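Hello,

The structure we spoke about is below. My notes on it follow.

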Amino acid sequence: MRMKKTGTLLAGGTLLFGALASGVGAEPSDSSPVELTPKFVAEVAKTPAFASNDQKVLNFLQKSSKTLGLSSEGVQKQLKIVKREKDKQGLLHYRLQQYIDGIPVYGAVQTVHLDKDEQVTSLLGAAIAESYQNIPGGTTPKISASDAVYIAEQEAAARIAKELDLKTAEVTDDVYAENSPDGERISLSDSVLGERAAEPKAELYIYPEGESARLVYMTEVNLLDPVLLRTRYFIDALDGSIVFQYDILAMATGRGTGVLGDAKTFTTTQSGSTYQLRDTTRGNGILTYTANRRYTWPGTLLTDADNVWTDAAAVDAHAYAAEVYDYYLDKFNRNSLDGNGYQLRSTVHYGVNYNNAGWNGVGMAYGDGDGVEFTLLSGSLDVVGHELTHGVTEFTSGLEYLNEPGALDEAFSDIIGNDVEREDWFIGNEIYTPGIPGDALRSLANPTLFNQPDHYDDRYRGTADYGGVHINSGIINKAYYLTAAGGTHHGVTVPGIGRDKAVEIYYNAFVYYLTPTSNFAAARDALVQSAVDLYGAGSAEATSVGLAFDAVGVH
């Protein structure tokens, strides 16, 4: 963990974190990587029994090469298997990545699926067509990875300093630290950026760009202090310019009963004469910390003398993390977020009156709320389920947190969070505006109640909210609700199949089928195919999924 450097003072106003959380966000530019839209191919490919599954997948990709804009030779040379998985029902799922000159192409991911007879059923994926693989300047970088990190951090520092009205005249690149005996130059990023959630690194990618491509470094600025911030940058590896940037800090809110007064039991660990909020019985552990109303993560591991815990926010964060872990294991045979026991770390009492909760790419941070807009946010089972599901998405489909892929990301988190709790069809109805009864953040049954569209024709088309990731998620939420509960919407009648089947179909599609740049149309294809693979072509389940998307206008 990189710590905040000392010796430099920032003069300026009070850091009102709750009000500034969204103010420092990066506005996405027009050069978005999500333009690489996946294509769908569904065809049961009969192959000889003696062929290996890897060979079956590669043969199918070669047959589908024109769909991807590649030659048969290009498929063999550029598409590499990066993951093989078997789901709870025994179906096989492959994930592949396109490489050019040994460098991965950003967003060029393919998923291929085999049925119970180990025959290939479908492909969902995107690639840079060979006719568009012109890369001006070649694939040898002219700046280093550390240069790319520095450029990104300088941009983030300037944005934060401006938003917080910090007086930075004494800490620019043109001056030296006042108390530095060796005259070491203090950059703006050294002076403004505090503790990082993760050590910065930069990786080379080929970046699709219209009818061409360019060599870039992808890096992130992931901060805990002075604000909670996670921005992804694409830096031109030849000239150091910022090609594209956008925020991917997944933020949401939820509800809880422990904070509202219920009693819970949960697993802790005794250490000497004290007890720790550490559960070693699940995966690689569940740990709960406190930030003590500071902007730090993970903070201090919580302890107690008699194992009778009075911190309601900590009790719920710890108990609900365990409940979400158990949900994924029992329902989908998934061992934590990454499938390999990923350690779940939560931090409560983050900041002062912080009105949000967030997955920062490595763990959870929960604010206490201001008592008016929100109460203690860790008290919500559906928010814990929602936020931890952002982690599942990051380890699987990797949906871009922007535009339609970002709305899919948000919808999947809403769907799983709602299913973990399974009390109603609302998100956030008990901790949002605690003084206003009947209020909520979102409704899966009726998104329009809380200013979300429930049909594709009414989708938000602007750039706010990262291109409408929280707004347009209502369209997918409504499709899921119709599949699970049934109903008539925009003149289309959908027969419901129940929550259990619906959430199973959605989980399989989002985890095994979707790719980072999947849009709503690709999600429809993936969800219908997921239902076909699970229940058969022409099944009531597959029919319900298709009709639900007809009802919300996604074709």
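Residues 251–258 have a pLDDT under 50 (pLDDT is the predictor's confidence in each residue, from 0 to 100), and the model gives them 56 contacts beyond four places in sequence (contact means heavy atoms within 4.5 Å). This is a predicted model, in which local features need pLDDT of at least 70 and side-chain atom pairs count only at pLDDT 80 or more, while totals for chains, interfaces and linings use all residues. Residues are numbered from 1 along each chain as its sequence is written, and side-chain values use heavy atoms, with hydrogens and water left out.

For the protein, the mean pLDDT is 86, and 88% of residues reach 70 or more. Over residues 169–185 the pLDDT is below 50, and this stretch has 24 contacts beyond near neighbours in sequence.

Next, the aromatic residues. The structure has 24 aromatic pairs (rings of Phe, Tyr and Trp, the last by its six-membered ring, with centres within 6.5 Å; planes under 30 degrees apart are stacked, over 60 edge-to-face, the rest tilted). Tyr350 and Tyr354 are an edge-to-face pair, because their ring planes stand at 70°, with centres 5.7 Å apart. Tyr507 and Tyr512 also pair edge-to-face, at 6.2 Å between centres and 90° between planes.

Tyr350 has a relative accessible area of 0%, so it is buried (under 20%; exposed is over 50%, partly exposed in between; 1.4 Å probe, protein chains only). Tyr354 is buried at 1%, Tyr507 at 2% and Tyr512 at 6%.

Ring pairs also join Tyr106, Tyr205, Tyr207, Phe234, Phe244 and Tyr246 in a cluster.

Regards
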